[in-house]
Number of protein chains: 2
Amino acid sequence: MSVTAPAGFEAAGVAAGLKTTGKPDLALVVNRGPLQHAAAVFTSNRAKANPILWSQQAIADGTASAVVLNSGGANCFTGAQGFQTTHATAEAAAGALQVSAGDVLVCSTGLIGDQLDRAKVLAGVEAAVAALTADGGDDAARAIMTTDTVPKTTVVSRDGWSIGGMAKGAGMLAPGVATMLVVITTDAALEPPALDAALRSATRVTFDRLDSDGCMSTNDQVTLLASGASGITPDPAEFAAALTEACADLARQLQHDAEGAAHDIAIRVVGAVTEDEAVEVARSVARNNLFKTAVFGNDPNWGRVLAAIGTTSAEFDPYAVDVSMNGVRVCSAGGPDRPRTEVDLTPRAVDVLIDLHAGGATATVLTNDLTHDYVHENSAYSS
Amino acid sequence: MSVTAPAGFEAAGVAAGLKTTGKPDLALVVNRGPLQHAAAVFTSNRAKANPILWSQQAIADGTASAVVLNSGGANCFTGAQGFQTTHATAEAAAGALQVSAGDVLVCSTGLIGDQLDRAKVLAGVEAAVAALTADGGDDAARAIMTTDTVPKTTVVSRDGWSIGGMAKGAGMLAPGVATMLVVITTDAALEPPALDAALRSATRVTFDRLDSDGCMSTNDQVTLLASGASGITPDPAEFAAALTEACADLARQLQHDAEGAAHDIAIRVVGAVTEDEAVEVARSVARNNLFKTAVFGNDPNWGRVLAAIGTTSAEFDPYAVDVSMNGVRVCSAGGPDRPRTEVDLTPRAVDVLIDLHAGGATATVLTNDLTHDYVHENSAYSS
């Protein structure tokens, strides 16, 4: 059910002809209220796509009635013409839905640097409005796919209210502050500041700690829409926990479908002085191509882990560090421990545990291995 | 002739049995004087191998008589036993050469986390001392190869004096402050502070701007030995220029032989506010896997260039940037310019020119593409 699981939402996914394959490429999510409260986080990349520039303005007042999302083109680095396409998209949706254009967010994903076909987008918006239904969440989730092989959706239900979500993202997957294209809906009744706080706390420990290929997108956006249709205002902590659960579920789905990946790797750092340093250490491993290729080759090459973390400024003694892989401690106090041959890296899930022995903070970063299929997918055609 | 081109040096390369292939794996370079002046720069990785820890102490007084280098093992994260192996190596060479152990530098390269076979190393040192000749430079250059497919050597001749050099390095090739294993010799007569200044200025604009795969080694060391055998003390600026020429030549050879590479990419940034910012911008592109796979696929995907530089903190407006690839300006003022189809990326050499239009500083970073062969070489076996 995706984004239409909570009460008060309709959605649709249609083929607007932006993808040369003819597959669905335009999604619409509409909040029928009674509340139109919203929050969003955006890519921290300074090179921001036109839909990001638009949506940042549109969300400033904490309200949004609808989100239009297209695959088949990022509308990034397309100049004034590209911005006007985004603006016209919001106007078209607003006209058909009889809301203000300033309450319509726009998200785009696809190749950077090509103009979107404006006429196709506008016709697609019209078709999507006509196709809106209260169970259109799955159609919408399919329409935002690019190199994704499966749609990503989630539903978290609580007593009388719920959260639904959809996500796309398979490459250029290293969010900073914000993330890939995600729309999350809830029928809980919450004010915009509460939504914003919950969204930031949830993304900080979920999407922000997914680093598949170290490449930050220009188009990342996570939008949270609240209809209030349940009539229930949950405790903020309870809502934040449910939202974090939904985001973590979507993040794991994104990791599992990452371009060309053969392993889903969780890099857990413990014994750090601060949580930020734990993230820095984990991320240095997640972005190390030699470590990532070793995991692809089922090689528990812990030396590459230590070489990677040695490039960070986190506080620890490299010669006090322990490293375990899939439960086998192959390195203790910066020296060899159990034989590498005891480690089985053939399962898709790989757990790397790094104990810095420097403090009490911890963090986990999710990443993938670097494979022939990743190279193929990202060299054989433009994306 | 490599390191034995300048007068006053002898070298050898022997098979000590550290490599399972039986190929040469231990090199020795000896400075016969009359001067034994030296300088060295080391990896800035905090995870430093035992030979780095030893050599940093040995070079502190600005003098060195010899360098022992082994392939077949990095002697990194091998604890006290590993350090004692390095120490014993220096002692063995010192005894045979009748010099102080504190004047023998040691370099190692190979797999991290495995103990070197000390008996084989010490027997190798003995054999290398016995094999020393005034034309042993090429043997030494071959004995330090790991995944290198060709030895890397250089000779720069000036009026009455010269510089010779050898280098190894094909993976984990992203030096920070220092670099891979390099030994450079000269028969110019220079004091240690002059050598140190020249070496730092040369490496800063050569090895430090080679970033093949973003992975910094634990064992990088560039050593400069001066025999004074020419009796000539060149002008410092002239010496620094010649040394930079030698280092740049070796850096290009390292780039050209990088593991699995199909393209040698020069990323030139112009119009930056400072040289450091130009390097930061160029390096962000050099480390972007999506850009590197695109080049492998002969795809002039300038959107990935702009997405990469948008992650930096350098001062520029993303919507004022021009990007040219192999002479074709595909992006101007942050928007599409010439069609991508005009760009020919089939030659091995790829030139990416990024004009930030923000200032007058410039820098070039050398890198490689990300290929199936890179994934294969770094996943199929431990290195």
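In this predicted model, B:Asn70 touches B:Leu18, B:Asp25, B:Leu26, B:Cys107, B:Ser108, B:Thr109 and B:Leu116, leaving aside residues up to four places away in sequence. That makes it a pleasant place to start a tour.

B:Asn70 sits in strand E4 of chain B, which covers residues 66–70. Its relative accessible area is 4%, so B:Asn70 counts as buried. The side chain of B:Asn70 also reaches the backbone oxygen of B:Gly73, at 3.1 Å. For a sense of scale, the C-alpha atoms of B:Asn70 and B:Pro300 are separated by 41 Å, with these positions 230 residues apart along the chain.

Next door in sequence is B:Leu69. Not counting residues up to four places away, B:Leu69 touches B:Asp25, B:Leu26, B:Ala27, B:Val29, B:Cys107, B:Ile144, B:Met166, B:Leu181 and B:Val183. The largest nonpolar core has 188 residues, and those touching the most other members are A:Leu69, A:Ile354, B:Leu69 and B:Ile354. In soluble globular proteins, nonpolar side chains tend to be buried together.

Chain A offers another asparagine to look at. A:Asn378 lies in helix H10, residues 372–379 of chain A. With a relative accessibility of 1%, A:Asn378 is buried. Its side chain and that of A:Glu259 are joined by a polar contact of 2.9 Å. Both residues carry the feature "binding site" in an unreviewed UniProt entry, which also lists A:Thr146, A:Lys168, A:Thr179 and A:Ser383.

Here are the two asparagines, listed by element and accessibility:

| Residue | Element | Relative accessibility |
|---|---|---|
| B:Asn70 | strand E4 (residues 66–70) | 4% |
| A:Asn378 | helix H10 (residues 372–379) | 1% |

Now for the chain as a whole. Chain A has ten helices and 15 strands, and its C-alpha trace spans about 65 × 50 × 30 Å along the principal axes. A compact globule of 383 residues would have a radius of gyration near 21 Å, and chain A agrees, with 21 Å. Of the 383 residues in chain A, 62% are buried. Among contacts in chain A with a separation of 6 or more, 81% are between residues 24 or more positions apart.

How are the two chains related? A turn of 180 degrees, with a shift of 0.0 Å along the axis, lays chain A on chain B with an RMSD of 0.0 Å. This is the relation of a two-fold axis. In chain A, A:His372 has the C-alpha nearest the axis, 2.7 Å from it. Both copies use the same surface, as 100% of the contact residues of chain A recur in chain B.

Terms used:
Residues are numbered from 1 along each chain as its sequence is written. Chains are lettered from A and ligands numbered from 1 in the order in which they are written. This is a predicted model: local features need pLDDT of at least 70, side-chain atom pairs count only at pLDDT 80 or more; totals for chains, interfaces and linings use all residues. Side-chain values use heavy atoms; hydrogens and water are left out. Helices (H or I, at least four residues) and strands (E, at least two) are DSSP runs, numbered from the N terminus. Buried means under 20% relative accessible area, exposed over 50%, partly exposed in between (1.4 Å probe, protein chains only). Contact means heavy atoms within 4.5 Å. A polar contact is a pair of N or O atoms within 3.5 Å; within protein, one must be able to donate a hydrogen and the other to accept it, and residues adjacent in sequence count only if both atoms are side-chain atoms. UniProt positions are given in the numbering used here, feature names are shortened, and annotations may be inferred rather than shown by experiment. Copies are superposed by least squares on the C-alpha atoms of residues with pLDDT of at least 70 in both. A nonpolar core is a set of buried Ala, Val, Leu, Ile, Met, Phe, Trp, Tyr and Cys residues joined through side-chain atoms within 4.5 Å. The radius of gyration is taken over C-alpha atoms; the globule rule is 2.2 Å times the number of residues to the power 0.38.
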